[in-house]
Structure formats: C-alpha cells, structure tokens
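I opened this notebook to record what I looked up, entry by entry, and I begin with how helices meet before turning to the space between them.

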Amino acid sequence: MNNAPWNVSLPTALTVGGKERSIRTDYRVVLDCFLALTDIELDDYNRALEVLDCLYVDTLSPADWKEALDKALWYLRGGEEEKEQKGPQLVSWTQDFNMIAAPISKIVGQDIRGMNELHWWSFLSAYMGIGDCLFAQVVAIRDKKARGKKLDKADREFYRRNRDIIEIKKPMTDAEENLLKEWT
C-alpha cells in the first residue's frame, strides 16, 4: 500500500553506498544531465562523470560511481525502471525547450523559467499533461515521418513552413562545425 504512486514523495536524496546523498532536483539540472548524456564530444566515462557532478550535491567516492549513476538514471526516468527504447527520437530537450516551456507553464500556472526551482518529477508530471499545442503538433509530424506514414495536406503544409523546428538537428563535433564553416 505504501508503494502507491500517491504515497511517493518527491526525492531530494538518493541512497548510494548505504548513505543518503543529496541531489539537485530542479528540472534545469536534469536538462543539463541530458545535455551531458548526449554530448558527442565526451566518451561514455566522461558523460557519466558529468551526470554525477550535475546531479549530486557532494563529491562521491569512485567506489560508489556505478551505483550512483544507476540511481541517477532512475531519478532522471522519473522513478521508472529502465525500459527498452522503442521507436525513433521524437523530442530534443534542447531544440524543443521553448515549445515545451509554454504548455508546462500553463499547466503549472506560472512561467517555469522564472521559478527558482521546479522539481524534475513535477516538471515531468506537467509534461505528461501537455495537450494540443505547437509542440504536440511537431511531435505528431515527427512520429508520422519516422514511421513512414503519409502526411495529410495540412500536415504537409505545416511541415513545409516549419521544417526547421520539426527536423531534429543532429549535433556536430567542434571539428565538424569548423570544417563546415571553412566550406561556407
């Protein structure tokens, strides 16, 4: 009965190495963790260290890093166990943030960017409540295109006019960006 979702409080610490370790709970910190996890300039080891540095308040012993990372990823998933990723990437937190912020702010009742702190799990709950908005339309078109479904006339027109926000930009390394600048 205690494991019911309504009985789970918003975590402010994770148990690592048998000790409660304080974490930074604001959604912006988690988005920084996602940036680190997708940073193509970093190898897996350094991505993991970035996540640990972002999320945990205190420095962790290297002996605790694996457990701390497992707990961190659980927290980032909103307390859910790891599931196999199915389907294409439909959301880019960095690219889509401005489209996401408005409907979440509407749900929360104030501009989330001006809040001192919004717990990641509260942010996720609001995210799950996003209804009909620009972001939802963009994701729907991404999904149709990724699955090879035909776009109707209105979706084709929307895609033509908004291709820059619909297509998820693939990150480039600094070397790739410099090479591209030399060519243009």
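Entry one. I started with the contact between α6 and α7, where Leu134, Gln137, Val138, Ile141, Arg142, Lys144 and Lys145 on the α6 side meet Asp155, Phe158, Tyr159, Ile165 and Ile166 on the α7 side. Sorting the residues of this contact by class, I noted seven nonpolar, one polar and four charged. I should keep in mind that the model is predicted.

I then looked up the geometry of this pair: α6 covers residues 134–146 and α7 covers residues 153–166, and their axes come within 11 Å and cross at roughly 100°. An angle of 65 to 115 degrees counts as roughly perpendicular, and α6 and α7 are therefore roughly perpendicular to each other.

Entry two. Next I turned to α1 and α3, which pack with their axes 11 Å apart and at an angle of about 120°. Here the two helices are oblique to each other, and I also wrote down that α1 passes α3 in a left-handed crossing. On the α1 side the contact is made by Val30, Cys33, Phe34 and Leu37, and on the α3 side by Leu73, Tyr75 and Leu76. When I divided the residues of this contact by class, I found seven nonpolar, no polar and no charged.

Entry three. I stayed with α1 and looked up its pairing with α4, for which the axes come within 11 Å and the crossing is at roughly 150°. That angle makes α1 roughly antiparallel to α4. Tyr27, Leu31, Phe34 and Leu35 are the residues of α1 that meet Trp93, Thr94 and Phe97 of α4. The class count for this contact of α1 with α4 came to six nonpolar, one polar and no charged residues.

Entry four. My last search was for open space, and how much of it lies in the largest pocket? I noted about 1,700 Å³ for the largest pocket. The lining is made up of 36 residues, and the closest to the centre of the pocket are Phe34, Leu76, Gln85, Val91 and Trp93. I recognised Phe34 from the contact of α1 with α3, and Trp93 from the contact of α1 with α4.

I then asked which elements give two or more residues to this lining. These are α1 (27–37), α3 (65–76), α4 (93–108) and α5 (120–128), and α5 gives the most, with six residues. By class, the lining of the largest pocket divides into 18 nonpolar, eight polar and 10 charged residues.

How values were computed:
Residues are numbered from 1 along each chain as its sequence is written. This is a predicted model: local features need pLDDT of at least 70, side-chain atom pairs count only at pLDDT 80 or more; totals for chains, interfaces and linings use all residues. Side-chain values use heavy atoms; hydrogens and water are left out. On a 1 Å grid over the protein atoms alone, a cavity is a set of points where a 1.4 Å probe fits but cannot get out, and a pocket is an open set with protein on both sides within 12 Å along at least five of seven lines; lining residues have an atom within 4 Å of a point. Grid points are joined across faces, edges and corners, and a volume is the space filled by probe spheres set on the points. Helices (H or I, at least four residues) and strands (E, at least two) are DSSP runs, numbered from the N terminus. Ala, Val, Leu, Ile, Met, Phe, Trp, Tyr, Cys and Pro count as nonpolar, Asp, Glu, Lys and Arg as charged, and the others, Gly among them, as polar. Axes are lines fitted to C-alpha atoms, for helices over the stretch in contact, and angles run from 0 to 180 degrees between N-to-C directions. Angles under 35 degrees count as roughly parallel, over 145 as roughly antiparallel, 65 to 115 as roughly perpendicular and the rest as oblique. A crossing is left-handed if the near helix is turned anticlockwise from the far one by less than a right angle, and right-handed if clockwise. Contact means heavy atoms within 4.5 Å.
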